[in-house]
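Here is a short tour for a first look at this structure. Start with the display below, then read on.

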Amino acid sequence: MQVRVTAEQPWDVKADVLVVPILGQPAFSGPLAELDRRSGGELRSLDDFGELRGKRFKSVLAGTGSGKEIGAKRLVVVLGGPAADLDRETVVKLAAASIRRLAGREARSMAVWLSPLADVLEGGAAAVAELVGRGVVEGGYEPARIYRDGYEEGAPELSELVLVAPGEEKGRLEKAAERGTIIGEGANTARTLSNRSSNDVSPEVLAEEAYTLAKKHGLWIDVIGPEKATDMGMGLFMAVGRGSDNPPRMIVMRSGKKGEKDALGRHLAIVGKGVCFDSGGISIKPSDRMDEMKMDKAGACTVIAAAVTVARLAPGTPLLVMAPAVENMPGPHSTRPGDIVRALNGKMVDITNTDAEGRLILADALTYAEQLGATHLVDVATLTGAVSRALGELVSGGFGTPQTFVDEVFAAGARAGERYWQLPLVEEYKADMESWSGDLVNFSRNNEGGLVKSALFLSEFVTQPWVHLDIAGTGYFRRVTPYAPRGATGVSHATLVELALAGAKG
Ligand code: BES
Ligand code: MN
Ligand code: ZN
C-alpha cells in the first residue's frame, strides 16, 4: 500500500472512497458544508434522517451526488464521538473502522480527511497521520486469510492510502504516516503469529519464525533447546515444557550490543509468555474454550514483533527480547502438582498447580534477561483469567516497581493509544504463597487476589525495575467490533515499541 499526503481539499481528491470523520453533532459549516453542498445535500439529508447519530465507530456509506463535484466515488462517514473525548486510541480505531466498513467492497484507493481530527488531537496533523496510517494497516488485517485461499469478504487490500491535510507540510506528515504503517505492520505480524493454531505453531516453529525475522532485520538471535536449558538451570521453564512431545525453546533476540545502554541509560528487556498451547497440564483445564489457549503465546509473538518494528524504525536501538516458548501438556513426562523445582535464580518452587504455568516460564526468562545485563524489564503475558474478569477486553492490567518505571511504561502506552490500569503488589499476600517445603508455591490454595498473586510470584524473580502487563483479557477478541475482527489484537506491541524508541540513539 502506497501512502500519499495531499494538501488538496477533500472534495478534490481522486479516490474510490473518501473517509469523513465527524466528531460530536455534525456542524455544517466550513469545509463540511462545502462537501455537503457538492454532494447535492447528501450529508445534511443523512443527518436529518438520523443516520449520523449514534455511537463511536458507527459508519455510513454515502454517495457523492450526481453533480460530479466531488473527486471521490463514495464517502464513508465515520462517527468519532465527542470532540473533547478524542484520544490517540480513538483515532487508530476510527481509521481501522473506516477500512473495515469497506469489507467485501471493490476499493483500491482510500482517502482520509485528517483535518476534523487534527484540529482537536494533541500533536495535530502529524499525530493524526501516524495514527491513521497505523489504523488503516491494522483495520485491513484479516485472520481468515491465514489459512483460507482467496478469502474475499475481509477488508479490501488497498493499493493507495491518501491522507488529506490541506495547509499542512507534506514531508513531515509522510514521515509520520510511514512510522504509523510500520507500527501497524508490526502489530499484524504479532497477530498472525498469535492467531496461527497450535498444530501449526509449536515452540520450534515459533523459534524458526523468530529466526527468519531476526535474519531479515539484522537482529542477533539465540535459541536455547531443552538440553542446554536444563544444563543452565532453567528448571521452571523445563518443568512446563517437558510434558509435550514438542520440545521447548527459549528464544533470545537482541538489537544493539550485549548489555549496551540506550539513550536513557537502560538496557531494556521485553519478555513475552509463549505458551503455544495451554491445556493446563496435569491440572487440566475444562474443555469449554480450551481451544482459545492457542492464543496463550500472544506475549511472545508481541515481543518478537516489537523487536522487528524497533529494528525497522531505529536500527541498533539497544533492546533485549526474551520469548520462552513451550507447550503445556499432560503426559507421562509432565510435571505433577506438588513437584518442587529449582528456578534459574535458585529458588525452590512448589508447583501446586500446573495450569499456573505462565509465571513459571516467565520467572526463568526474567532471571536470564538480568543475567544478560537487563537493567529494566517489561513482561507481557496472557497470564490470568482474573484480569479479563476485572478489566475486560479493552484495558490491560499492569503491575510493577518502582513507580517511576511503571509511569514510564504507562506513558509509552498513552503514546501508543493503549490502555492500562495499575494493580497493586500487595506484599502481605505473599504469606499465602508459602510452601510446605519449598521457597514458595506458584498457586495459593486460597486463590483470593489471584491476579495480585500472579504478579507477586513474578516479583520474586526480578531485582531491577520491572513492569508486568497482563493481556489475557485484551490480547484477543472473542467478538467482532467495528474496528477489529475476532482473534489476536496485537495489543501492547505499540506500547513496547514506544518504550524502546524512547531510548533510541541519535
Ligand atoms: N493462560 C491462562 C490464562 C488465560 C485464561 C488466558 C483465559 C486467556 C484466557 C493461564 O495460564 C492460566 O491458566 N491461568 C489460571 C491461573 C490459575 C491456575 C492460578 C487462571 O487464570 O485460571
Ligand atoms: Mn495455564
Ligand atoms: Zn497459560
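E498 and R179 form a salt bridge, with 3.0 Å between their closest N and O atoms. The model is predicted. Between domain 1 and domain 2 the count is three salt bridges. Polar contacts also cross this interface: nine residue pairs are found. On the side of domain 1 that touches domain 2, four elements give two or more residues each: α3 (88-100), α5 (124-139), α6 (144-147) and α7 (170-195). The make-up of that side, by class, is 10 nonpolar, two polar and eight charged residues.

**The two domains**

Where does the chain divide into domain 1 and domain 2? Domain 1 covers 2-188, and domain 2 covers 196-501. Their centres, taken over C-alpha atoms, are 36 Å apart. At the interface, 20 residues of domain 1 are in contact with 27 residues of domain 2. Together the two domains bury about 1900 Å² between them. Carbon and sulfur atoms give 54% of that area. Which three residues supply more than any other three of the area that domain 1 buries against domain 2? They are E89, R100 and I182, with 27%.

**Around ligand 1**

Turn now to the ligand. Ligand 1 is surrounded by 16 residues. The closest are K285, D296, D355, E357 and G385. Three side chains with polar atoms facing ligand 1 atoms are listed here, with the distances.

| Side chain | Atom of ligand 1 | Distance |
|---|---|---|
| K273 | oxygen | 3.2 Å |
| D278 | oxygen | 2.9 Å |
| D296 | nitrogen | 2.8 Å |

D296 thus appears twice: it is among the closest residues to ligand 1, and its polar side-chain atom lies 2.8 Å from a nitrogen atom of the ligand.

**Two backbone details**

Most residues other than glycine have a negative phi, and most peptide bonds are trans. Two places in this chain depart from those habits.

One is a peptide bond. From T401 to P402 the bond is cis, and omega is near -5 degrees. P402 sits in the loop between β15 (396-401) and α14 (403-416).

The other is a phi angle. R289 is not a glycine, yet its phi is positive, near 65 degrees. Where does R289 lie? R289 is in the loop between β10 (274-278) and α11 (298-313).

Definitions and conventions. Residues numbered from 1 in each chain as written. Chains lettered and ligands numbered in written order. Predicted model: local features only at pLDDT ≥ 70, side-chain atom pairs only at ≥ 80, totals over all residues. Heavy atoms only, no water. Domains from an automatic or database assignment. Contact = heavy atoms within 4.5 Å. Buried area = accessible area lost by both parts, 1.4 Å probe. Salt bridge = Lys/Arg side-chain N within 4 Å of Asp/Glu carboxyl O. Polar contact = N/O pair within 3.5 Å; in protein donor to acceptor, adjacent residues only side chain to side chain. Nonpolar A, V, L, I, M, F, W, Y, C, P; charged D, E, K, R; others polar. Near = heavy atom within 4 Å.
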